[in-house]
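Reader: I should be grateful for a close look at one long helix in the model below and at what surrounds it. Please begin at the start of the chain and then take the remaining local features in turn.

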Amino acid sequence: EQKLVALNIGLSTWQEWIDWRDQSEIADPTTPQELLEYDTENDPNNVLGKRWLCRGGSLTIVGQSGVGKSSFAMQLGLTFGLGRHFFGIKPIRPLRVAFIQAENDMGDMAEAFRGVIDAMRYNQSDLETLNTNIRFYDETVKTGLEFIRLARSIIVKHRADLMIADPLLSYAGDDISEQKFMSKFLRNHLNPVLKETGCVWIWLHHMPKPKGDQAKG
């Protein structure tokens, strides 16, 4: 048996529906009064420093190949995982940090990890905290959108506050000098994941080493 439930529901014209659809995609605006009242000293979105990086923010660490970016990132991640300051930048609490990398094998990672542990003289309590807050992932195949999907899964599974990806060139999947590609990769694919999860993202990116004559100069 079929019964007519309702009549004359919804919008009366197609154009009204188009307008409703487009307007429904607009986020609620912020008023000047809300900006005046916002407590920047106790920003609930703050993650690192004094609003240096907030939830959904990102950072790129750039340097020539072989200068120690991976070791630097290792110390940065472990320090923030313990809730301690790194060159004066302090996290709001011990952060849950995920590393994803494509260039170092298990031995390389172990050497870098132990190097930081020994140099910083972490104790057993520190190691237990790191064992809870830090995870390392190795990915040498996925690029582009497939990589972003994998990264989102890692962020959600580990409940990561911070993701460190090393290096950008291994995961972009195309020419990073092309503005059109990078806008799509970062703005359309990565940014929605960061906004959804609140994770802070750090890229490691290496430039070519200078040529001999440039190095001498």
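**From the first helix to helix α8**

Author: Trp17 is part of helix α1, which covers residues 14–24, in what is a predicted model. With a relative accessible area of 34%, Trp17 is partly exposed. Together with Leu11, Trp14 and Trp20, Trp17 makes a nonpolar surface patch of about 510 Å².

Helix α8 is the part to examine closely. It runs over residues 179–197, 19 residues in total. From its first C-alpha to its last, α8 reaches 26 Å, close to the 27 Å expected at 1.5 Å a residue. The helix nevertheless has a kink of about 40° at Leu190, shortly before the proline Pro192.

Leu190 is also one of the buried residues of α8. The others in that set are Phe181, Met182, Phe185, Val193, Leu194 and Thr197. These buried residues pack against two strands, β3 (58–64) and β7 (200–207), and against two helices, α6 (144–158) and α7 (168–172). Just after α8, Gly198 takes a positive phi of about 80°.

A charged pair also connects α8 with one of these packing partners. The side chains of Glu196 and Arg152 form a salt bridge, with 2.6 Å from N to O. Because Glu196 belongs to α8 and Arg152 to α6, the pair ties together parts that are 44 residues apart in sequence. Glu196 is partly exposed, at a relative accessible area of 46%, and Arg152 is likewise classed as partly exposed, at 33% relative accessibility.

Helix α6, which α8 packs against, leads to a second feature. In the loop between α6 and β6, Arg159 has a phi near 55°, a positive value in a residue other than glycine. Most residues other than glycine have a negative phi, and most peptide bonds are trans. Arg159 counts as exposed, because its relative accessibility is 56% and the cut-off for that class is over 50%.

A salt bridge also involves the loop that holds Arg159. Asp161 pairs with Arg93, and their closest N and O atoms are 2.9 Å apart. This pair links distant parts of the chain: Asp161 is in the loop between α6 and β6, whereas Arg93 is in the loop between α3 (69–81) and β4 (97–101), 68 residues apart. Asp161 is buried, with a relative accessible area of 13%, whereas Arg93 counts as partly exposed at 38%.

Further along the chain, a cis peptide bond joins Asp166 and Pro167, with omega about -5°. Pro167 is placed in the loop between β6 (162–166) and α7. Helix α7 is among the elements against which the buried residues of α8 pack.

How many salt bridges does a search of the whole structure find? The search finds four. Among them, in addition to the two pairs described above, is that of Asp43 and Arg51, whose side chains meet at 2.7 Å, N to O. Asp43 is buried, with a relative accessible area of 9%; Arg51 is partly exposed, with 40%. Side chains of opposite charge can pair when their charged atoms come close.

The loop between α4 (106–120) and α5 (124–133) holds Arg121, and Tyr122 lies in the loop between α4 and α5 as well. Arg121 has a positive phi of about 55° although it is not a glycine. Is Arg121 buried or exposed? Its relative accessible area is 75%, so Arg121 is exposed.

Tyr122, by contrast, is buried, with a relative accessible area of 10%. Leaving aside neighbours within four places in sequence, Tyr122 is in contact with Leu78, Thr79, Leu82, Arg84, Val116, Ile117 and Leu130. The C-alpha atoms of Tyr122 and Leu82 are separated by 9.9 Å, and these residues are 40 residues apart along the chain.

Asp126, in helix α5, is buried too, with a relative accessible area of 7%. Not counting residues up to four places away in sequence, Asp126 touches Leu82 and Arg84. Both Leu82 and Arg84 also appear among the contacts of Tyr122.

To return to the helix of the request, α8 combines a kink at Leu190, buried residues that pack against β3, α6, α7 and β7, and a salt bridge from Glu196 to Arg152 in α6.

Notes:
Residues are numbered from 1 along each chain as its sequence is written. This is a predicted model: local features need pLDDT of at least 70, side-chain atom pairs count only at pLDDT 80 or more; totals for chains, interfaces and linings use all residues. Side-chain values use heavy atoms; hydrogens and water are left out. Patches are made of residues with over 30% relative accessible area and no salt bridge: like charges are joined within 9 Å, nonpolar side chains (Val, Leu, Ile, Met, Phe, Trp, Tyr) within 5 Å. Accessible areas come from the Shrake-Rupley method with a 1.4 Å probe; for residues, only the protein chains shown count as cover. Helices (H or I, at least four residues) and strands (E, at least two) are DSSP runs, numbered from the N terminus. Buried means under 20% relative accessible area, exposed over 50%, partly exposed in between (1.4 Å probe, protein chains only). The expected span of a helix is 1.5 Å times one less than its number of residues. The bend at a residue is the angle between axes fitted to the seven residues ending there and the seven starting there. Contact means heavy atoms within 4.5 Å.
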